[in-house]
Amino acid sequence: MSATESPWLARGVVRLFAVLADKQGADRVEVPIPPGSTARSVLERIARAHPALAPYIASCRLARDDEFLDADAVVRAGDDLSAIPPTAGG
Amino acid sequence: MQLEATVELVETPIDVGALIGGLDAPSSGALCTFVGRVRNIHDGRAVERLAYSAHPTMAIAKMRAIALEATQRWPLTGLTLVHRIGTLEIGEVSVAVLAASGHRAESFDACRYVIEALKHEVPIWKQEHYAQGDPRWIGAE
């Protein structure tokens with residue numbers, strides 16, 4: 001079994017935007033995404049691993065492939081994931 | 001046949017007059033236009049400029065979905081939705097929604113629906129820069 005197949009080492013990438021990218025100083029973060037992870041658990045992991053983002057993650061939604069995910073949606077390490085802060089267009 | 005809406009995310013100034021001119025179908029008896037502009041004050045603070053950013057592919061996908069919903073709900077003869085990103089100065093146009101229809105009621109309703117849905121569903125953000133103090137991400141801090 002290779003390291004990348006090991007569930008506790010399965011790491012994914014979540015793209016950051018707006019206030020999140022600003023506070024992180026980067027447009028993405030790596031985060032462990034073990035099998036069975038949900039949109040909610042991924043956001044919670046980001047908040048725990050990056051305290052500077054925690055105050056803003058609480059109001060964010062996770063998106064995959066340009067669609068918002070329900071909090072209970074199952075996600076995988078290879079997914080195209082984005083953390084979406086409250087929208088403010090117009 | 002379903003109307004094909006025009007949906008764009010642009011980095012250059014929005015020419016509202018040109019957009020209006022583009023919706024010239026002979027069956028359009030009404031054209032309702034909403035124009036969002038950069039305001040010089042927010043919560044009593046003097047605003048110098050706004051910086052808009054977006055999740056580019058998702059923003060376009062969401063804008064298209066909103067436009068499709070509007071064309072299915074109302075008998076429109078034209079629909080245009082354009083949002084600008086980047087740094088905008090006071091008075092510049094950030095967003096334009098144009099809804100054309102045979103009669104005014106449908107164009108008003110569709111225009112209102114599109115701008116409200118855009119604010120709730122489209123991943124676009126603005127950061128206000130003030131005459132004094134740190135900039136602030138609207139809605140997030």
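The following dialogue explains how to read several features of a predicted model with chains A and B.

Biologist: Which conventions apply to this model?

Modeller: Residues are numbered from 1 along each chain as its sequence is written, while chains are lettered from A and ligands numbered from 1 in the order in which they are written. The model is predicted, and local features need pLDDT of at least 70, side-chain atom pairs count only at pLDDT 80 or more, and totals for chains, interfaces and linings use all residues; side-chain values use heavy atoms, with hydrogens and water left out.

Biologist: How is the size of an interface expressed, and what area do chain B and chain A bury between them?

Modeller: The size of an interface is often given as the accessible area lost when the parts come together. Here buried area is the accessible area (1.4 Å probe) that two parts lose on being put together, summed over both. Chain B and chain A bury about 1900 Å² between them, and 56% of that lies on carbon and sulfur atoms. On the side of chain B, the residues that lose the most area to chain A are His55(B), Met58(B) and Trp125(B), together 31% of what that side buries. In terms of contact (heavy atoms within 4.5 Å), 27 residues come from chain B and 20 residues from chain A.

Biologist: How many salt bridges and polar contacts cross between the chains?

Modeller: A salt bridge is a side-chain nitrogen of Lys or Arg within 4 Å of a carboxyl oxygen of Asp or Glu. The rule finds two across this interface, and Glu141(B) and Lys23(A) meet through their side chains in a salt bridge at 3.2 Å, N to O. A polar contact is a pair of N or O atoms within 3.5 Å; within protein, one must be able to donate a hydrogen and the other to accept it, and residues adjacent in sequence count only if both atoms are side-chain atoms. Between chain B and chain A, 20 residue pairs are in polar contact, both residues being at pLDDT 80 or more. Helix 2 of chain B gives the most to the side of chain B that touches chain A, with five residues.

Biologist: What span should helix 2 of chain B have?

Modeller: Helices (H or I, at least four residues) and strands (E, at least two) are DSSP runs, numbered from the N terminus. The expected span of a helix is 1.5 Å times one less than its number of residues. The 18 residues of helix 2 of chain B should therefore span 26 Å, and the end C-alpha atoms are 26 Å apart, which agrees.

Biologist: Is Lys62(B) in this helix buried or exposed?

Modeller: Buried means under 20% relative accessible area, exposed over 50%, and partly exposed in between (1.4 Å probe, protein chains only). Lys62(B), within helix 2 (residues 56-73), has a relative accessible area of 11% and is therefore buried. The buried residues of this helix also include Met58(B), Ile66(B) and Ala70(B). The side chain of Lys62(B) makes a polar contact with that of Glu67(A) at 3.2 Å. Leaving aside neighbours within four places in sequence, the contacts of Lys62(B) include Asp66(A), Phe68(A) and Val122(B).

Biologist: How are paired strands read, and in what order do the strands of the chain A sheet lie?

Modeller: Two strands pair if DSSP finds at least two bridges between them. In chain A, five strands form an open sheet of mixed pairing in the order 2-1-5-3-4. Its edge strands, strand 2 (28-32) and strand 4 (67-68), each pair on one side only. Strand 1 (residues 11-15) runs parallel to strand 5 with two bridges, and Val14(A) has Leu81(A) as its bridge partner. Strand 3 (residues 61-64) runs antiparallel to strand 5 with four bridges, and Ala63(A) stands opposite Ser82(A). Both faces of strand 5 (residues 81-84) are covered: Leu81(A) and Ala83(A) are buried on one side, Ser82(A) and Ile84(A) on the other.

Biologist: Which strands pair with strand 5 of chain B?

Modeller: Strand 1 (residues 6-10) pairs with strand 5 of chain B in the parallel sense over five bridges, with Thr6(B) opposite Thr80(B). Strand 7 (residues 93-101) runs antiparallel to strand 5, joined by seven bridges; there, Leu79(B) has Ala99(B) as its bridge partner. Of the nine residues of strand 5 (residues 76-84), eight are buried.
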